[in-house]
Structure formats: C-alpha cells, structure tokens
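Please walk me through this model. Start with its aromatic contacts, then turn to the pocket and the backbone.

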Amino acid sequence: MRRIIILLITAFLLLPMAYPRRTAKDIRRERQATESKIKNTKRQISTNTDETRRELNRLTSLQGDIRANDVRIATLSKRNDSLRHRISALTDSVETTSAKVDRLRRSRAASLRAVRRQRQTAGSTTAFLFSSSSFRQAMRRASYLRDLARWQDSSATTLAREVKILQERRTQLDSASSILKASIAALSEERLLLEQNSREAKAVVASLKRQGRNLTKVLTEQQRQAEKLDRELNRLIEEEARKAAEEARRKKEQEEAKARRRKQQESQDKPAEKPAPKPDRKPEPRPAPAAPGTPFASMKGKLPMPLDRAATVAVPFGLQTHAEYSKVKMQNNGIDLETQAGASARAVHEGTVSMVIVMEGYHNVVLVRHGEYLTVYAGLADLAVRKGQHVAAGDRLGTVFVDHSDSDRTRLHFEVRHEKEKLDPALWLRLR
C-alpha cells in the first residue's frame, strides 16, 4: 500500500512536466488556427456550392438544347416527308409528261413524213388541187389541206407546251431533290447535336448525383427565391388592385358630392321671372376617339420574343421534376430564356411599367401592365424604364444580367399573368 502511494505521488509530481502549461499566446495562436480552418472550410463549402449551381445551370441549358433539338428534328422530319411525297409526285408527272412528249413527237414525225410523200406524189399543193376530177373534189382537197395545216400548227403548239411543262417539272424535281438533300444533311447534323447534348447531360447528371447535399441546397435555395418573387408579385398586384379600387371609390364619392351640391344650388336659385327659352342648339360633335390598341388577350400565340437576340427555353413553365438525380421539385411560374451576353429585354406589347423592384436571385425585375394582363421581366442588370412609363411593343426595358462566374450565362425569366393567375408564356409567344 505504501508503495502504491509513493508511485501516485511521483506521477503527480511528473504530470506538469508531461503536459506543459499553456500560455495566453498559445491560446491565441490556437484560436487563430481554428478560425483559419473554419474560414477555409466555409470557403470550400461555398466553392462546392457554386460548382453545383454551375453544373445545375449547365444541365438546364442542355435540357433546353435537347428540347430545341427535338423540335427541329420533328420539323425537319416532317419537311423531309413532305419533300419525298412531292418528289414522288413530280417524278410520276415527269414520266407521264415525257411519255406524252414522245408520243406527240412520233405522231408529228409520222404526219410530216406522210405529207412529204403526198407532196412528192402530187408534185405540189397547186398540182394536187388542179388534178381534181371535179370542183367538189377540189373543194374537199382544199378543206383537207386547211385542216392539215391547222392540225400541224396545233400539234406543234401542243408539243412545245408539253416540252415546256416537262422542263419546268424537271427543274422543280431537281430543286426539290437538292432541298431534300440539304434537309437530310441538316437532320443528320441535328441528330448528332442531340446525341452530344444527351451525352453531356448524362455526364452532368452523374456529377450532380455525387453532390447530393449541395444539390439539394442549391435547388432549395432556387425554389425559395422563386417563391419569394411570386409572393412579392402577388403582393404588388394586390396592392395595385387595392389602390385602383380606392381611387374608384374616392372618385365616385367626389362625383356624388358634386352632384348633391349642384342639386342643392339649383333648388336655392329661384329666379323672379321665367327666363326666356334658349334657342335649341345641337351638341358639339365630339372628336373621334383614337383607335384603341390591340387587346392583349387577342395576342395569344402572336407575341414577339421578349429579347433582341435568339434564345432557347432553358426551363419551361410548370412543375420541374428532377427525379433522376434528386427528390426536389421546382415550380416555374414562367419560362427561363437563355440568350447571348449583351442581350436586351424588350416589351412584348404596349403597356405601362407598373413596378420596378430588386429581388434576390433575379436582380432587377420589371412589371408591365396591359389592362388585366401583366408581363414580368426578371434578371435585368440595368434598367431603361421607370415606374409609370408607357412603353410600346419592342421598347427596350434593360440589359439582361450576365453571370461572369458561370461562363457568361445570360438568362431572362419571363412571365405572363392574368392578374395573379400564372399563364404559360410558351402559349403566348411566337417561339423561334
């Protein structure tokens, strides 16, 4: 027991030697090292999240390209089928016309040979007539010669017309064949692009699957921003409706008060004698009202693109499901158009700039009111309009934001609404 106590006392005395005492300087240094590690970890997480966002944007772009490929392939295939049908009809027509021309040429050649033999036998047309045995026979021969001349002229005209038709149809056939050849080449190229985009999309999907948590975080953040924009737009539209109703009520009250004062004034004014009747006067003709603009509702399927550059629908309208690599679903209340850097957003129809706001994830947002309808242009770097300004169709609203950290990606978020009801812009635009 005494031995154990001695050992414990010895270990206790040696303990400070094994674990030297930490100074304030050591603690400060350790804290700085820990803070540096935390910063590096946050930076790495941010970098990974940005990379996931870029990959997701790349995937949506590829999916938009694939949809555009599918549309062009369908259009080209339909065009090729139509061209093949036309070529088949032209080929049959060329064969039929060629056979008809051959028959006319053989018939005319045989007729000319018969006339030549007859002239050789009779000597000449005059001799043929004067060799008649009677006046009646001479008249019949003269009538025959006239009919023969008319037939020869007619056959020559018919032959020339058929030859011209044959040449025209052969030209049409050659042209249709050339167009078909070019269209087949374009279809082949489009299919190669589709295969390439599909391979790239699969590679991106595989990459995103490995980023699970970051992907969910990015998608959740994008959905949060989209919902925030939707709530703000609904709030602004409701505020507009409330102000319009308040203004209408105030105006009505003013008109009613004015009518009461006028009635009260008329009842107080009692003239001593009846005034002389005024001569009848015809009401002054009112100037003809200006022709109203085309209603927005009648422009369904006819609106121009809201950009001054070519664009691809990167994200269509409605619920977007990414079930192949995530359980997160996103609701798109408009369409996202991917275009080129430097593109400008343009009003699709005449209207009034109802609101200009700044929203997280969407930069500048412009609302243009067209009566009961509104169009929304989100993702603008700078503005060319202000609230309350009247704009015509095609007027510039601003420059689309360019994300230099994501390969200069340039996207415009565009919506069409009937008050708070969200409509599919693809049904309203002339997508090209």
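Rings of Phe, Tyr and Trp, the last by its six-membered ring, count as a pair if their centres lie within 6.5 Å. By that rule this predicted model holds 4 aromatic pairs.

Take Phe-296 and Trp-428. Their ring centres are 5.2 Å apart and their planes meet at 25°. Planes under 30 degrees apart count as stacked, so this pair is stacked. The two residues sit in distant parts of the chain, 132 residues apart. Phe-296 belongs to the loop between H5 and E1. Trp-428 lies in the segment after strand E13 (421-423). Phe-296 has 4% relative accessibility and counts as buried. Trp-428, at 5%, counts as buried too.

Trp-428 also pairs with Tyr-373. Here the ring centres are 5.5 Å apart and the planes stand at 55°, so the pair is tilted. This contact again links distant parts of the chain: Tyr-373 is in strand E8 and Trp-428 in the segment after E13, 55 residues apart. Tyr-373 has a relative accessible area of 14%. The cut-off for buried is under 20%, so Tyr-373 is buried. Ring pairs thus join Phe-296, Tyr-373 and Trp-428 into a cluster.

Now the largest pocket. It encloses about 1000 Å³ of space. Its lining has 42 residues, and the closest to the centre are Asn-57, Gln-222, Asp-336, Gly-361 and Arg-411. Which elements supply at least two lining residues each? Two helices do, H2 (24-122) and H5 (212-268). So do the strands E1 (312-315), E2 (318-321), E3 (329-332), E8 (373-383) and E12 (409-418). H2 gives the largest share, 8 residues. By class, the lining has 17 polar, 13 charged and 12 nonpolar residues. Strand E8 therefore has two roles in this account: it contributes to the pocket lining, and it carries Tyr-373 of the tilted pair.

Last, the backbone. Where do Ser-407 and Asp-408 lie? Ser-407 is in the loop between strand E11 (402-403) and E12, and Asp-408 is in the loop between E11 and E12 as well. Ser-407 has a positive phi of about 55°, although it is not a glycine. Asp-408 also has a positive phi of about 55° without being a glycine. Is Ser-407 buried or exposed? At 68% relative accessibility, Ser-407 counts as exposed. Asp-408, with a relative accessible area of 38%, is partly exposed.

Technical notes: Residues numbered from 1 in each chain as written. Predicted model: local features only at pLDDT ≥ 70, side-chain atom pairs only at ≥ 80, totals over all residues. Heavy atoms only, no water. 1 Å grid on protein atoms, 1.4 Å probe; cavity = no way out; pocket = protein on both sides within 12 Å on 5 of 7 lines; lining within 4 Å. Points joined across faces, edges and corners; volume = space filled by probe spheres on them. Helix = DSSP H or I, 4+ residues; strand = E, 2+ residues; numbered from the N terminus. Nonpolar A, V, L, I, M, F, W, Y, C, P; charged D, E, K, R; others polar. Phe/Tyr/Trp six-rings, centres within 6.5 Å; stacked < 30°, edge-to-face > 60°. Buried < 20%, exposed > 50% of the residue type's maximum accessible area, 1.4 Å probe, protein only.
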